[in-house]
Amino acid sequence: MIIKKAELETVCGITSKFPDNSEPEIVFAGKSNVGKSSLINALMNRKSLARTSGKPGKTQTINYYKVNDEIYFVDLPGYGYANANLATREKWGKMIERYLHTSKQIKCIFLLIDIRHEPGKNDKQMYDWIVYNGYSPVIIATKLDKLKRSQIAKCIKTLREGLGLQKEVVLIPFSSETKQGKKEVYEFIENLLLAQA
Ligand SMILES: Nc1nc2c(ncn2[C@@H]2O[C@H](COP(=O)(O)OP(=O)(O)OP(=O)(O)O)[C@@H](O)[C@H]2O)c(=O)[nH]1
Ligand SMILES: [Mg+2]
C-alpha cells in the first residue's frame, strides 16, 4: 500500500452526527494508551498526524483519517481510561458503541491489545461485543519492541487464551517503534479492499 495522501477529515465528539461516508472504514479500537494513534501514524507514514501521548486518554474524539481518497482509518478513543470520571467514560463508551452500531462502512475492526499483559476484563468485553455485533476482529498485539524475542511466543499464547480466540482469528504482533508487523497489517487491509472490489 503506497500512501499518497493522508488527512484528518472529520472529528466527532459525543454529540456529533457521524459522517455518511461512502468509502470503507477501517477501525482501530483498544484500551487507552495501547497504541492506536501510533499505529495509524505508522500506517500513514506520518510522525504525528494522529496525536499520541504517553498519558492515557489522548484521543477523546472519533477521528477519521482519509487515505489516498479511497479509505478511512478511524481512530477511536480508548476505553478503560482510569483518570476520566465515570460519567465521561460512559459517554465515550456510548459514543464508541453508537459509532460501531450506526456506521455502514465498517469493513474491518482491528482490536489492539498490549502484547506484554494478559488482556483485561474490558478487553475481553470489547472483543466479545465486537463479535456479538457480527464483526470478526483482527487482533493487533502492540508494543512488540518491549519484549525480548524469547518472551514473544508465551505472551501471544497468554493473549490468545485470555481473549478466548479461536484458531482462525488473525493476530498480528506489531511495533510502532520498529514498524514490525506493518506489512502484515497493510496486506490484511489490501486483501479486504480487493475482496470487495
Ligand atoms: N515502545 C513502544 N511504545 C509505543 C508503541 N505504540 C505506542 N507507544 C507509546 O504508547 C503511548 C500511547 O500511544 P498512543 O498511540 O497515543 O495510544 P492510544 O491507544 O492512541 O491512546 P488513547 O488515545 O489514549 O486511547 C505513547 O507514548 C506511544 O509512544 C510501540 O509499538 N512501542
Ligand atoms: Mg489515541
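Begin by selecting strand E5 (residues 106–114), helix H3 (residues 121–132) and strand E6, which together make a right-handed β-α-β unit in what is, throughout this tour, a predicted model. With these elements displayed, look at how the two strands lie against each other: E5 and E6 run parallel and are joined by five bridges. To find one of these contacts, select Phe110, whose bridge partner in E6 is Val138.

Keep E6 selected and move on to its other partner, strand E7 (residues 171–173), with which E6 pairs in the parallel sense over three bridges. A residue to pick out here is Ile139, which has Leu171 as its bridge partner in E7. If helix H4 (residues 152–163) is now added to the selection, E6, H4 and E7 can be seen to make a right-handed β-α-β unit.

Before leaving E6, show its side chains and ask which residues cover each of its faces. Val138, Ile140 and Thr142 lie on one side, Ile139 and Ala141 lie on the other, and all of them are buried. Because five of the five residues of E6 (residues 138–142) are buried, the strand is largely enclosed by the rest of the structure.

Next, select the magnesium ion (ligand 2) and the protein atoms that serve as its donors, namely OG of Ser37 and OG1 of Thr59, which lie 2.0 to 2.2 Å from the ion. These two residues come from distant parts of the chain, since Ser37 sits in helix H1 (residues 36–44) whereas Thr59 belongs to the loop between H1 and E3, 22 residues apart. Are the two donor residues buried or exposed? Ser37 counts as buried at 8% relative accessibility, and Thr59 is likewise buried, with a relative accessible area of 10%.

The remaining stops are salt bridges, of which the model has six. Start with Lys5 and Asp69, whose side chains meet in a salt bridge at 3.1 Å from N to O. This pair links distant parts of the chain, with Lys5 in the segment before strand E1 (6–12) and Asp69 in the loop between strand E3 (62–67) and strand E4 (71–75), 64 residues apart. Lys5 counts as partly exposed, at 34% relative accessibility, and Asp69 also counts as partly exposed, at 40%.

From there, select Lys66 and Glu9, whose side chains meet in a salt bridge at 3.9 Å from N to O. Here too the pair links distant parts of the chain, as Lys66 is in strand E3 and Glu9 is in strand E1, 57 residues apart. The two ends fall into separate accessibility classes: Lys66 is buried because its relative accessible area of 12% is under 20%, whereas Glu9 is partly exposed, with a relative accessible area of 38%. Add Glu23 to the selection as well, because Glu9, Glu23 and Lys66 are linked in a network of salt bridges.

For the last stop, return to strand E5 (residues 106–114) and select Asp114 together with Arg116, which form a salt bridge with their closest N and O atoms 2.8 Å apart. Which of these two residues is buried, and which is partly exposed? Asp114 counts as buried at 12% relative accessibility, while Arg116 is partly exposed, with a relative accessible area of 30%.

Methods
Residues numbered from 1 in each chain as written. Chains lettered and ligands numbered in written order. Predicted model: local features only at pLDDT ≥ 70, side-chain atom pairs only at ≥ 80, totals over all residues. Heavy atoms only, no water. Salt bridge = Lys/Arg side-chain N within 4 Å of Asp/Glu carboxyl O. Helix = DSSP H or I, 4+ residues; strand = E, 2+ residues; numbered from the N terminus. Buried < 20%, exposed > 50% of the residue type's maximum accessible area, 1.4 Å probe, protein only. Donors = N, O, S within 2.8 Å, 3.2 Å for Na, K, Ca; no water. Pairing = 2+ DSSP bridges. Right-handed = clockwise from strand over helix to strand, strands pointing away.
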